[in-house]
Amino acid sequence: MMNPYSDPDPQETQEWIESIEDALEEHGYERARHLLETLIDYAQSKGARLPFNTTTPFVNTILPSQQPVYPGDREIERKIKSIVRWNAMAMVTKANTETPGIGGHISTYASAATLYEVAFNHFFKGVDHPDGQDLVFFQGHASPGIYARAYLEDRLNKDHLHNFRRELSKKGGLSSYPHPHLMPEFWQFATVSMGLGPIMAIYQARFMRYLIDRHFMEDTGRKVFAYLGDGEMDEPESLGALTLASRENLDNLVFVVNCNLQRLDGPVRGNSKVIQELEGAFRGAGWNVIKVIWGSDWDELWENDHDGLLLKRFEEVVDGDLLKYVVEGGAYIREHFYGKYPDLLKRVEHISDEKLAKMRLGGHDPMKIYAAYNEAMNCKGKPTVILARTIKGYGLGEAGEGRNITHNQKKLNQNELLYFRDRFNVPFTDNEAMKAPFYRFAKDSLEYKYLKEKRKALGGSMPIRTDRSTPLNIPEISIFQELLDGTDEREISTTMAYVRLLTLLTKDKSLGKHIVPIIPDEARTFGMDPLFRQLGIYSHKGQLYDPVDSDQFLYYKEATDGQILEEGINEAGAISSFIAAGVSYSTHGIKMIPFYIYYSMFGFQRIWDFIWAAGDMRARGFLLGGTAGRTTLNGEGLQHQDGHSHLAAAATPNVKAYDLAYAYEIATVVHHGMKELCQDDKDVVYYLTLENENYVHPPIPEGVASDIIKGLYKIKSTKKPIIRLFGSGPILGEVIAAAELLKNDWNIEPGIWNVTSFSELRRDAEEVERWNLINPNKESKQSHLERCLSKHRVPTVAASDYVKMVSEQISPYVPGSYYALGTDGFGRSDTRENLRHFFEVDRYYIVLAAIRALVLDGKMGTSKGDDVMKKYDLDPEKPSPVTI
Ligand SMILES: Cc1ncc(C[n+]2csc(CCOP(=O)(O)OP(=O)(O)O)c2C)c(N)n1
Ligand SMILES: [Mg+2]
């Protein structure tokens with residue numbers, strides 16, 4: 001496939017080619033490769049600067065002679081596929097005819113149908129396969145096709161299909177995209193936020209290896225498949241973790257990129273070739289790349305391209321041209337593509353215009369696709385990507401095939417339906433077809449039997465989501481006794497308390513090995529480095545070097561059976577590991593408990609979309625926002641000081657968020673959480689913020705455990721309640737100090753409450769309020785807040801290290817007036833004391849707010865506020881932290 005047109009000495013070139021041909025024929029590929037590599041090395045050693053080229057010619061990677069025999073019945077498979085296509089199209093068409101604007105996609109699946117059908121018939125292993133289940137990330141917008149197949153397999157009925165995107169209908173509907181939260185027995189992975197699928201798939205494959213290397217399961221050759229859009233590959237997350245997959249030799253991973261050259265608005269790469277670009281990126285990253293560009297119809301043309309003219313012509317054109325050929329048809333292709341070179345034109349003389357237009361591309365040819373999957377299954381030592389050239393809206397004709405509007409084509413009119421019917425030989429009369437009915441094979445038909453048998457042989461239907469895990473044995477809370485007992489005089493931070501907890505937990509004989517500590521290059525920041533030695537850092541390769549600190553007891557230990565996932569500076573990867581571990585109960589039938597600790601600011605703010613997807617996928621585990629709190633983390637400044645993650649957490653339905661002050665609270669919440677996740681099978685993610693301020697931790701007071709979980713418990717009562725203070729996390733210290741000032745300087749004794757979770761309090765209060773609203777005839781229920789507080793209708797001042805909205809979220813449910821102090825605004829580098837003053841959450845501002853609350857409540861004279869300002873030297877000219 002050399003291009004002779006730029007060759008000054010074709011004869012010499014020919015001689016070299018003949019030599020390589022001889023080597024190939026006599027000794028095979030390995031020998032030919034060795035010769036070429038040796039030549040390249042030699043030329044380089046003599047100073048030749050060879051261009052680095054990660055791409056190969058724009059042809060199929062697998063030659064026709066290397067294709068295996070197709071093991072299926074092509075005719076039956078084609079019929080089945082045609083009906084799946086029809087039903088998928090009909091589902092979207094019906095939905096949009098009956099409910100205009102309800103949406104859905106026809107064109108994505110139309111382009112991917114063959115990619116999926118070959119895999120359904122020959123590759124995807126189901127849950128009952130002796131090897132265990134393959135994990136498949138389906139391209140989100142292809143969901144109609146996946147539902148349509150499930151309908152043919154009898155897994156869904158007509159009502160389901162009829163109610164696509166009508167999930168609230170009485171008979172139940174189908175979710176728009178793969179959402180395990182909404183269809184927990186069907187979908188396994190949430191994929192529709194583009195870019196998350198590819199990286200999550202990589203980390204799923206890696207976690208599968210982790211479980212094998214840690215002897216939780218055997219290596220049975222299970223695979224992770226990820227079906228992706230070529231437009232989707234533009235997301236930084238899509239390509240961002242490719243080298244991890246090759247570095248860790250993840251040959252259990254197969255990406256299939258549906259290269260229809262189009263995204264939503266138009267071409268992915270109008271001015272170049274997306275397939276070539278992706279090939280370069282994947283090859284450069286060390287992947288096995290299989291290009292499936294041309295279907296069997298092209299074999300002959302390519303075989304006859306001895307002078308490389310066809311290749312030269314294809315290398316001249318760009319994707320924008322290729323798309324135009326799809327739309328314009330045979331005569332146009334002849335004139336504009338082949339017509340450029342008379343020699344080329346001659347080669348297609350015997351092919352009609354109609355045939356020229358219809359020459360099938362690789363991604364629509366089962367032979368080619370089968371060959372690619374087959375190679376991917378057998379590839380050792382590296383992951384595989386299949387780059388399959390397809391046509392978006394394949395078979396839609398004028399209704400959208402290859403057109404720029406195709407992504408948004410939501411329904412076909414009557415003529416278009418008839419065209420589609422003819423195109424795929426769907427057995428409907430005109431009158432029938434125009435109503436876009438669903439078609440199902442009779443139970444005794446060959447097609448039905450075929451598709452059922454194929455799936456049976458592969459271990460059952462896909463996609464399917466199951467939970468075959470057994471509960472874990474959660475030890476008594478006394479394993480954390482030292483945290484429950486307090487620290488006496490010793491001052492520690494909540495981060496240190498957490499690390500101690502993790503150490504105790506991982507030592508537990510039964511539960512310990514199920515803990516998956518995850519960290520993105522921050523272990524030393526959190527004081528977790530002693531665990532390196534105790535647990536080992538997971539590395540498939542083990543440790544091939546003598547670490548620089550090997551003479552020390554707590555050295556940097558990597559091990560094949562290491563327990564810690566040290567992900568490097570890579571929050572997106574680390575959360576993907578969290579997800580893989582958090583859904584392991586379902587994907588592998590093994591409950592694992594991820595504890596992912598990260599720099600709080602790089603959590604919700606940076607990877608909230610993954611956390612949302614984790615919720616969708618029913619992941620279970622613990623997220624720990626380390627060195628949190630906008631003023632508690634001093635010094636680091638604006639980009640590091642998290643004062644708002646609790647706001648995000650509060651809006652994430654499956655996340656239970658806690659801002660904790662004391663070690664015993666951490667022990668209580670984690671213990672409760674583990675039971676909920678691993679014994680009660682609740683799909684919950686716990687989020688704890690941890691801080692680095694050192695102080696003394698008291699022992700757990702009697703009887704507070706369940707209130708810690710609910711979000712509020714009393715620290716100090718008062719005989720004559722006129723005001724109460726709420727404190728949260730490390731700011732509780734300031735609240736306690738403010739109470740002292742109130743008592744000593746102003747003769748006011750407030751009650752003090754510790755708020756462990758504003759968001760849990762709000763959820764409970766909202767639920768109770770809702771129940772009372774819709775049950776007007778029944779006796780009202782009480783929320784935890786009401787039960788705790790309704791005896792005294794006094795003002796409340798709440799202070800936290802988070803933006804005011806975090807504590808304000810409960811204000812409608814707190815009896816009496818409510819004042820929130822918080823850390824709104826951009827952070828600063830300074831001391832903790834100065835920061836708390838700057839953000840007006842220190843003890844003096846708490847006193848000021850309390851006095852003002854009492855003034856407004858009529859309990860004190862109006863001048864008192866000014867007295868406080870003067871006494872504590874508070875500056876009325878101080879600019880607002882929110883605006884500067
Ligand atoms: C993060 C994100 N951004 C935008 C979208 C909206 N969106 C849905 S499909 C689509 C185009 C997809 O193109 P491609 O990945 O090439 O898939 P195709 O349908 O062509 O197979 C876009 C922009 C999304 N789902 N997720
Ligand atoms: Mg595309």
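Hi everyone, let me start with one residue: F337 is buried, with a relative accessible area of 1%. Its partner Y338 is buried too, also with a relative accessible area of 1%. Before I go on, please keep in mind that this is a predicted model.

So how do these two rings meet? F337 and Y338 form an edge-to-face aromatic pair, with 4.8 Å from centre to centre and 85 degrees between the planes. If you like aromatic rings, there is plenty to look at, as the structure holds 57 aromatic pairs.

Another of them joins F124 and F138. Here the ring centres are 6.0 Å apart and the planes stand at 85 degrees, so this pair is edge-to-face. Where do the two residues sit? F124 is in the loop between α4 (107-122) and β1 (135-137), and F138 is in the loop between β1 and α5 (143-152), so the pair ties together parts that are 14 residues apart in sequence. Both F124 and F138 are buried.

Rings can also meet charges, and I have two examples for you. The charged end of R165 sits over the ring of Y177, 5.1 Å from the ring centre. The charged end of R423 sits over the ring of Y394, again 5.1 Å from the centre.

Now to the metal, for those of you who asked about it. Which protein atoms hold on to the magnesium ion, ligand 2? The protein donors are D230 through OD, N260 through OD1 and Q262 through O, and they lie 2.0 to 2.1 Å from the ion. Along the sequence, these donor residues follow the spacing D-x29-N-x1-Q. D230 belongs to the loop between β2 (224-229) and α8 (236-240), while Q262 belongs to the loop between β3 (253-259) and α10 (274-284); the pair links distant parts of the chain, 32 residues apart. Both D230 and Q262 are buried.

Last stop, the sheet. Six strands make an open sheet with parallel pairing, and their order is β10-β7-β11-β12-β14-β13. At the edges you find β10 (565-566) and β13 (655-659), each of which pairs on one side only. Let me zoom in on one pairing: β7 (residues 515-519) and β11 (residues 593-599) run in the parallel sense and share four bridges. If you want a spot to click on, take I515, whose bridge partner in β11 is I593.

Finally, look at helix α29 (residues 663-678), which lies across β11, β12 (621-626), β13 and β14 (685-689). This helix runs at about 170 degrees to β14. That's my tour, and thanks for listening!

Definitions and conventions:
Residues numbered from 1 in each chain as written. Chains lettered and ligands numbered in written order. Predicted model: local features only at pLDDT ≥ 70, side-chain atom pairs only at ≥ 80, totals over all residues. Heavy atoms only, no water. Phe/Tyr/Trp six-rings, centres within 6.5 Å; stacked < 30°, edge-to-face > 60°. Helix = DSSP H or I, 4+ residues; strand = E, 2+ residues; numbered from the N terminus. Buried < 20%, exposed > 50% of the residue type's maximum accessible area, 1.4 Å probe, protein only. Lys NZ or Arg CZ within 6 Å of the ring centre and 35° of its normal. Donors = N, O, S within 2.8 Å, 3.2 Å for Na, K, Ca; no water. Pairing = 2+ DSSP bridges. Contact = heavy atoms within 4.5 Å. Axes fitted to C-alpha atoms, helices over the stretch in contact; angles between N-to-C directions.
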